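Got the viewer open? Here's a short walk through the model, one selection at a time.

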Number of protein chains: 2
Amino acid sequence: MMPDPLLEAQGAAVRAAARVLAVASTTTKNDALLAAAASLRDRTAVILSANERDVEAASADGMAPSGIDRLRLDEARIAAMAGGLEAVAGLADPIGEVVEGSVRPNGLRVERVRVPLGVIGVIYENRPNVTSDAAGLCLKAGSAAYLRGSASAQGTNLEVVAALGEGLASAGLPKAAISLVEDTSHATAVQFMQLRGVIDCLIPRGGKALIAAMLEHATVPYVLDGDGNCHVYVDATADLEMALGIIVNAKTSRPGVCNAAETLLVHRAVSDRFLPMLDGALATVELRGDPAVRAAIPRALEATETDWASEFLDLVLAVRVVDSIDAAIDHVAAYGSGHSEAIVTSSVASADRWTSEVDAAAVLVNASTRFVDGSELGLGAEVGISTQKLHARGPMGLRELTSIRWVLRGGGQIRT
Amino acid sequence: MMPDPLLEAQGAAVRAAARVLAVASTTTKNDALLAAAASLRDRTAVILSANERDVEAASADGMAPSGIDRLRLDEARIAAMAGGLEAVAGLADPIGEVVEGSVRPNGLRVERVRVPLGVIGVIYENRPNVTSDAAGLCLKAGSAAYLRGSASAQGTNLEVVAALGEGLASAGLPKAAISLVEDTSHATAVQFMQLRGVIDCLIPRGGKALIAAMLEHATVPYVLDGDGNCHVYVDATADLEMALGIIVNAKTSRPGVCNAAETLLVHRAVSDRFLPMLDGALATVELRGDPAVRAAIPRALEATETDWASEFLDLVLAVRVVDSIDAAIDHVAAYGSGHSEAIVTSSVASADRWTSEVDAAAVLVNASTRFVDGSELGLGAEVGISTQKLHARGPMGLRELTSIRWVLRGGGQIRT
């Protein structure tokens, strides 16, 4: 495939801007964020007008109502985008943190220092708020944001990026530090994923098709934000009222998000007592169970192999009775997606086994899986929740958008 | 391409072994390392016999002498492999380290804990010592090692893995925790790079062709060990005797390694004095310079654009006179490979600019680039030096072979 010359030229401009941003002071970056927020507010009318055209075109193309809802902006949503930038300005700057340091026997002073990644690529679907949310975090982390949104939101995204660019310029930073790929074709998206030497880290925010395209085409380094097939395991020693509160919260407080629970595992020693409690407390939830569950809860449907592996993202819960904590751990190892896995137990031994043997981004003891979230864990804003094991695992905040540099200071040391 | 059923079955066995290794105690892992070292020593004769067959076959196939040298083992090399395993047993166990922790306002106790990656894949060329070196580090880091060596070394590697397996078994650990891919075909190597769900991190150790194959085919997460086109910049304020000592050390102490210097940049203010010193001190080194260098050092050849971008790995040095530290930083940004970049200066301002503006795994002030090495920086053994920015940057020791898990402990907290 011939490289797109426009993409190459834009990539070079983004890289040049990244070098400026990398050494910008915290004050300068915060000034840019606050000015960008003001600019978003000032330009609300023109952004909404562009968004209206995008929505009309998408409707004419037959986009589903849920897609239209994600695409559509209103004054409140633009105000929330501006507020998000202001919140990021209030977060601590991760750049320059000395992660560790020591003096070697030969007197060489060694530090590992947190530094910007350089250019962070973000490829995403039709929510225009991602444009400012992602750009704001990249800016604060000292990296240029190179954005590739969906074709359906392109008119809106161009206006949002123009507003953000005003913020950069007013703080004396290059507008190219927040750049949007102009050609929204699939072919250009593939080339975007292959901009080695331009993009230091690519973050896809989208569904399975986007992840599959990344695995097939990407040659730049990337961090994947995977599914959340999360479990709650009610141990033999669990406080059953606590367990009930946790599963109700984990399943129903916001069923469409990745840290919601999808499968409940119940130890056989307490299933006779717990399952009837569950039936009543989750009356609005469709239950899909194994034979033991269906014996206790007649309304439960039969759980299939597919159900154990599913992220329902809906008021549906798979339920299984297990004979031991070993069986629960094995079930999670076989079906979990490595996101968030909770045990409810009063046994120290069970809690210790769960936290050491269950391999997931987050393991929880006696708490709802819903806490696995950047703001709940004190990271401030997050760019997603990584279910991979390299670089970033779990909620990704500003720190996860940085790299490390070794800094060695000597007085003429040579290696013998 | 049809998946190789043998590879799939072996992958499942390696994953199962990884779950056992992940919870093995430090004592058990050290026992296995020491027993593996003893087993390597005990089996020296059978390993050397297999190696002799590999060497004969490779010679008959016309392998170059440098390749044969890398392939060939002798008693001293096997003793060094055993000693390497014993040294790894002596390193601190990275697993279980609490990286940070806090209590949230709702009482939830949050920790980030260092945990094993799971299965670490290593794909490498014909040095059989990599088999035990890589396996030993993976074992200590609590991960299974899934190894794919070169066809030419397969007979040797099988014997080495058998010896290591004895060590695992004697400590009660599954032999599959160190496994070697049996089919050394290219097609199987490609499938190995695509074992998503089996391999958590793949580390290639080899040349440009291997890296290119990884970029094209790999769908598992990986860490790349890139080139080292390292620079030394002699600033206007440099102590020139110090600068001379550093460049001589960086260029000549071991020219074939990645942390050797390849290009020298000299500020014009000191070039009249420094270049003649250089000419004498690097008499055994071929110099390739710009016109200013060639005017001062008649024997210097003309440096080409290719030279600035080259990792010579030989007694060859490109030399350029620059007008400012800005020009030096720009040169490194244009041609550097992001490995190790040194400045020699007595100016605080220049040192600060270098360490903040030069984007590389390691930046050095008044010290030789040769210090960028796991053992010199206190990491113990290393599996390579990463020039990428995600997960691991610079020398990769045991810590870089681990992941992080969030552990949340509560008393029934639910999210409101």
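Start with chain A on its own: among its contacts between residues at least 6 apart in sequence, 72% join residues at least 24 apart (two residues are in contact if their C-beta atoms, placed from the backbone, lie within 7 Å). Keep in mind that this is a predicted model, where local features need pLDDT of at least 70 and side-chain atom pairs count only at pLDDT 80 or more, while totals for chains, interfaces and linings use all residues. For your selections, residues are numbered from 1 along each chain as its sequence is written, and chains are lettered from A and ligands numbered from 1 in the order in which they are written.

Now switch to cartoon. You'll find 15 helices and 16 strands in chain A (DSSP runs numbered from the N terminus, helices being H or I of at least four residues and strands E of at least two).

Next, bring in chain B. A turn of 180° and a shift of 0.0 Å along the axis lay it on chain A with an RMSD of 0.0 Å (superposed by least squares on C-alpha atoms of residues with pLDDT of at least 70 in both). That's how a two-fold axis relates copies. To find the axis, click H391(B): its C-alpha is the nearest to the axis in chain B, 1.8 Å away.

Select the contact between the chains: 57 residues come from chain B and 57 from chain A. On chain B's side, α10 (240-252), α15 (348-357), β13 (362-367) and β16 (402-413) each give two or more residues. Which gives the most? That's β16(B), with 11 residues. Also, 100% of the interface residues of chain B are interface residues in chain A too, so the copies meet through the same surface.

Stay on β16(B) and add β13 (362-367) of chain A: the two strands run parallel, joined by five bridges (strands pair if DSSP finds at least two bridges between them). One pair to label is L364(A) and its bridge partner L408(B).

Now color the open sheet of 10 strands, with mixed pairing, in the order β1(A)-β2(A)-β16(A)-β13(B)-β12(B)-β7(B)-β8(B)-β11(B)-β9(B)-β10(B). At its edges are β1 (98-103) of chain A and β10 (301-302) of chain B, each with a single partner strand, so one side of each has no neighbour in the sheet.

Last stop: helix α14 (325-335) of chain B. It lies across β7, β8, β11 and β12 (340-344) of chain B, at about 140° to β11(B) (axes are lines fitted to C-alpha atoms, for helices over the stretch in contact, and angles run from 0 to 180 degrees between N-to-C directions).
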